[in-house]
Amino acid sequence: MLTRNCLKITSASSRALLFRKYLLHEKRLPSQCSCQCNFSKARSNDTTVLTDVANTTKDLWAASGTGEKVNSVTSQILRSSDELLEKMIAGLSSDIHQKNRVYKNDLARVIGKVKELNFSSKRQGLLLLQCCTELLPDESAATRIALAEEVWAAIKPHTKFTVEHYNELLRVYIDNKKSVKASAFIDSMAPVIPNNTTYELILRALGEAGDINQATEVLANMKNQGLPATESVFNSLILCEGKAENYENVKEILTMMKSLKFEHTIDTHTYIARALAFNKKGDLLLKEMEVARQNGHQFEESHVMEIVKSLAAGKMYKLVPKILRYLPDTTLKTPSISPYMQSVCTLLVYQNHPLVALEIYKCLPLPSFGPKDDQGLHGRSLVRDCVKAGIPSGVLSIVTEQLMSSGRNPIAIQNAAECALQQGKALLAIDLFDRMKQHGKALRPHYFWPILLRASKNTGEKGIMNTLTKMIEMDVKPDYETISNYTLPYVSFTSAQNLMKKFQDAGVSVTTVLTPMMEHLLNTGQVRAASEICELFKGKVDMEIILKPLIKGYLISLDLKSSLHILEDGIQKASDKSKDWTGRFLCTFMKKKNDFGDVFKFVKELRKTPLRISTSAADFCLTHVPESVKEDTVNQFREAIIAITDERLIDEGELFAHQLPHPKHMNEEGLKAHLNELEAKGMNTRGVLRRLLQQYCKEGNLTAAREIIDKCQKEGIFLSAGMKAGIFDLHVKSGELELAELALADLNKSSPNFTLDEFKVIDFATMWVCRKETEKAFAVIEEQSKKRRVMGGRGIAMNCFRLLDATATHGTLEDVKRMLDLLTRLRYCQPSNAMLGPLVRWHLNNNDLREAVNEFSRLAHKYNKTPLKHELLCKILETISDGSEDRFVVNANSGGWANKLAQTVLDVNKRIHGASDVQLTLIGALADVNYKKTLRKMFLDPNVKFHPDALLRRCERFADEKKTAALHTIAECAKDTRRIDLDEVHELILSVHQRQDDWRSALALWEKMQESDVRPSQKFIRNLYALLKANKITISPQLSTLLDRQEAVSNV
């Protein structure tokens, strides 16, 4: 066994450490260690774990037969630990000298290392105590005191405390406003003897606390020991009386100082000013500081900041700017804030005085920014401190607005929003986004990515949809990356159609979501689901993105039929129709190292469809046939390729060429990057600017479009008629009527023969109607229709309906009739239930039920249509019952005027749609008004006949309209009647709750079904489980059991 005589250590520090830690404190060693030298392990990011010194020395002793290597290795290990601690301490010291602050995490790591090594020098221990003062400005006083106690406990086992340690501890108490019991503190120092500085610091601590009684006792004690009264003692007494709000006593202390011939130094003036601040005597405070200046004294930063902190504590904010004028001239002439003053600003913010901290920045001269300077640097720490300290958004907005309006930090609000996102404060970030928008700052989709991620963790799918809704409200259109990477991975794809409807309810367009949703479904092999949403929802598809996922989806599922449907529908809805997408798909398929048979099978099926490929694609496919394929198969493949080749198709020869795309094929980011590149090279930017303007007009980005228009005007770039038409349409969509009118006048003047498309004409007329300028709307349609052959069709039907509906809301009945006549006469639309509805709506808006029915009958007779049939019947049923079903049952056969109106509506419906539709119409109306007794009688009556599928279609319409109450009524009344598949009704109700992420209502439905002994379908269980899982809700054991049972049955 090695003894200490075997170790010859030359390093004094190493020797001290070793003997102190491992020989003098043997009782701390584990009993199982025979050598009693179980050294602690030192760990850091850039060092390896040190091995046990005793084991190392034992091995070396055995190997070498000498103690020299043992001495060397032991010294190196101890020295490396010592150096590591010194390096960490040096980091704290560097922060103190450069930033006038330290960081809690850094301090905690050093404390941990001291505990681990059970060693620190006197200088290091004093520095650690010093760090627990206002050098931690972003921590509370209680936290700093706790850290000081932790430091004291960490250094106590290996430190012989001196008076310097206790004095440093008193400075910690002073900075943290912690009162001390003088006698108890002095007793705790034994056997250390307090010196004059100790008593002065105790008095200072008592002064900060305003403890006059203890201060008097300490003074008496000092007198008994013969310690002299210094200026510091009197300053502490001034502070103590000031804190106690005894200003008259302060005057007596000053008189005593004068009698003892103590000259007032700048420190004394500072303490007097602080005492006046505590006594709310602002005028005297300013007078005192002016007297000090006249006497030739200069206040330093530390003096002024102490006074400012005292004023902030007393809420005397108005005096702060006047006090800051007494800062040194060098400070007041330097735009950058000093580390000390910045640390004070942080302290003030965390003490809930952010406006005082702002005043400190405002007293400095405005910074001047060069072309490459970071304009957000000045005041950034102030803004970030406000966010981290939880300052209310209203106060934070004052800070940011003043920094921006003064020119000190033009992007202060962006700094605040960035910090809020980093701190995970989503609500604050969204509030700041609102303010950014008010200031005309552009909001980008990626700003919301951290919010989407946090929402997915906290509230699941519902939180994501709420965030998307907020984005749309702020006019921020989610881009492909936002949907693909930050939304779709965190939502449920149990029902892709329901998910698409959720996005629509959130305000996100189908075009924005369709491509990433299809991509996600195809990558997971859900080809049929991708085919369904591509077919059912109208939107643009980016086929460039879809090609590779479509191949992957096909190879996973081998669903050839659905894959072909995706190709057909995708090409029809492609955002870029100039390319041969079928050919590109086949070429991409050929390039993948797959079985050639899969490609051949696909090509043979393509012959049965109208899809064709270009000659360039055909050549590519034929030249990339693997050599291993038999000649007969190659010939058959060639015949199949030739059969689906159309020479009229041209793909511009850039199938897989790696070249810069033409600006017409670039997205917004690509166009902006290309514009910057052209501007840097001094090249012509006309084409890119035009394309950017078209892009912004298409997206509805009015602010960005105006910037491009201004740039075009400055550079003298000619705006084509199409571009001016896009600007006009953008003003229309943004509700800028006057600007739209000016844009149209400019277009007519520069290009009198240019023809606006029908959508823009109808939307412009709608805007005039909404401004109650109906005659101008008629004039616009008449005038523009003279220049064109109107095509009309289903595409513009919704625009026409909005125009007619607006006319019914803002115009007269004659206006509605004239508008309908004009639109149909000019062939913009055809008389349909939707187009005729506003005529009936006008009467309903005016609460004239009789005239509404008369209008309904007239339109039915003239056009053989039944506009607003369901809504009209519901209004009549409510009128008959006056809101009570019992009254409805009594009045149903009374022959009143409302009954006759209902009979009229049903008779008209019977004449046009047949007798069976009358029963369905009545069932739908009764369900909508929740008349359960009457509806139950109808379901039980064998004479009431209708087709179940027809009723199910009516239920699907209720689901689309989110009328869950009507669906509940049908489910309840049709129970045990075998009139309709109740499983499908319950699934429709659940689908509505899924779209709204309303898991509470979904659970209520589930519980209601359990109480009524209604057995849920497999689809219902899966969808309910997916909804609860998406919203982070605990799944009940009963539901889990049902799901497991159904999965087991499915597997069998």
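How many Å² does the accessible surface of the protein come to, and what share of that belongs to carbon and sulfur atoms? I looked this up before anything else. The total is about 52,100 Å², and carbon and sulfur atoms account for 49% of it. I'm keeping in mind that this is a predicted model.

**Entry: the overall build**

I went through the secondary structure next. I find 57 helices and zero strands in the protein. The chain has 1052 residues, and buried ones make up 49% of them. I also checked how far apart in sequence the contacting residues are. Taking contacts between residues at least 6 apart, 69% join residues at least 24 apart.

**Entry: a negative patch**

Which residues gather in a patch of negative charge on the surface? I noted Asp-949, Glu-956, Asp-981, Asp-983 and Glu-984. Two helices, H52 (948-960) and H54 (982-995), each supply at least two residues of this patch. Asp-981 I found in the loop between helix H53 (964-973) and H54. Its relative accessibility is 39%, so Asp-981 counts as partly exposed.

That loop made me look at H53 itself. This helix is mostly covered, with seven of its 10 residues buried. I wrote them down: Thr-964, Ala-966, Leu-967, Thr-969, Ile-970, Ala-971 and Cys-973. What covers them? Helices H50 (915-929) and H51 (932-940) are part of the cover of H53's buried residues, and H52 and H54 are included too. H52 and H54 are thus names I'd already met at the negative patch.

**Entry: a positive patch**

I then looked for positive charge and found a surface patch formed by Lys-477, Lys-540, Lys-577 and Lys-698. I followed up on one of them, Lys-577, which sits in the loop between helix H31 (560-572) and helix H32 (581-591). Is Lys-577 buried or exposed? At 56% relative accessibility it is over the 50% cut-off, so I put Lys-577 down as exposed.

**Entry: salt bridges**

My count here is 46 salt bridges. I picked three pairs to look at.

The pair Arg-171 and Glu-168 has its side chains meeting at 3.5 Å, N to O. Both are in helix H7 (residues 163-175), and because they are three residues apart, about one helical turn separates them. I reminded myself that an α-helix has 3.6 residues a turn, so residues three or four places apart point the same way. Arg-171 is partly exposed at 34% relative accessible area, whereas Glu-168 is buried at 13%.

The pair Lys-501 and Asp-960 comes to 3.1 Å between the closest N and O atoms. This one links distant parts of the chain: Lys-501 is in helix H27 (residues 496-505) and Asp-960 is in helix H52, 459 residues apart. Lys-501 is partly exposed, with 23% relative accessible area. Asp-960 is partly exposed as well, at 45%.

The pair Lys-724 and Asp-746 is bridged at 3.4 Å, N to O. Again distant parts of the chain are linked, with Lys-724 in helix H39 (residues 721-733), Asp-746 in helix H40 (residues 737-750), and their positions 22 residues apart. Lys-724 counts as buried at 14% relative accessibility, while Asp-746 is partly exposed at 36%.

I also came across a network. Glu-134, Arg-204, Glu-208, Arg-274, Glu-306 and Lys-309 are joined into one by salt bridges that share partners.

**Entry: backbone oddments**

Where does the cis peptide bond ending at Pro-191 lie? The bond runs from Ala-190 to Pro-191, with omega near 5 degrees. Pro-191 is in the loop between helix H8 (182-188) and helix H9 (196-209).

I looked at phi values too. Lys-315 has a phi near 60 degrees, which is positive in a residue other than glycine. I located Lys-315 in the loop between helix H15 (301-313) and helix H16 (320-324), and it is exposed, with a relative accessible area of 57%.

Asn-847 isn't a glycine either, yet its phi is positive, at about 55 degrees. The loop holding Asn-847 runs between helix H45 (833-845) and helix H46 (849-863). With 73% relative accessibility, Asn-847 goes down as exposed.

How values were computed. Residues numbered from 1 in each chain as written. Predicted model: local features only at pLDDT ≥ 70, side-chain atom pairs only at ≥ 80, totals over all residues. Heavy atoms only, no water. Patch = residues over 30% accessible without salt bridge, like charges linked within 9 Å, V, L, I, M, F, W, Y side chains within 5 Å. Areas by Shrake-Rupley, 256 points an atom, 1.4 Å probe, with all protein chains shown as cover. Salt bridge = Lys/Arg side-chain N within 4 Å of Asp/Glu carboxyl O. Lys, Arg positive; Asp, Glu negative; His and termini not counted. Charge placed at Lys NZ, Arg CZ, Asp CG, Glu CD. Helix = DSSP H or I, 4+ residues; strand = E, 2+ residues; numbered from the N terminus. Buried < 20%, exposed > 50% of the residue type's maximum accessible area, 1.4 Å probe, protein only. Contact = heavy atoms within 4.5 Å.
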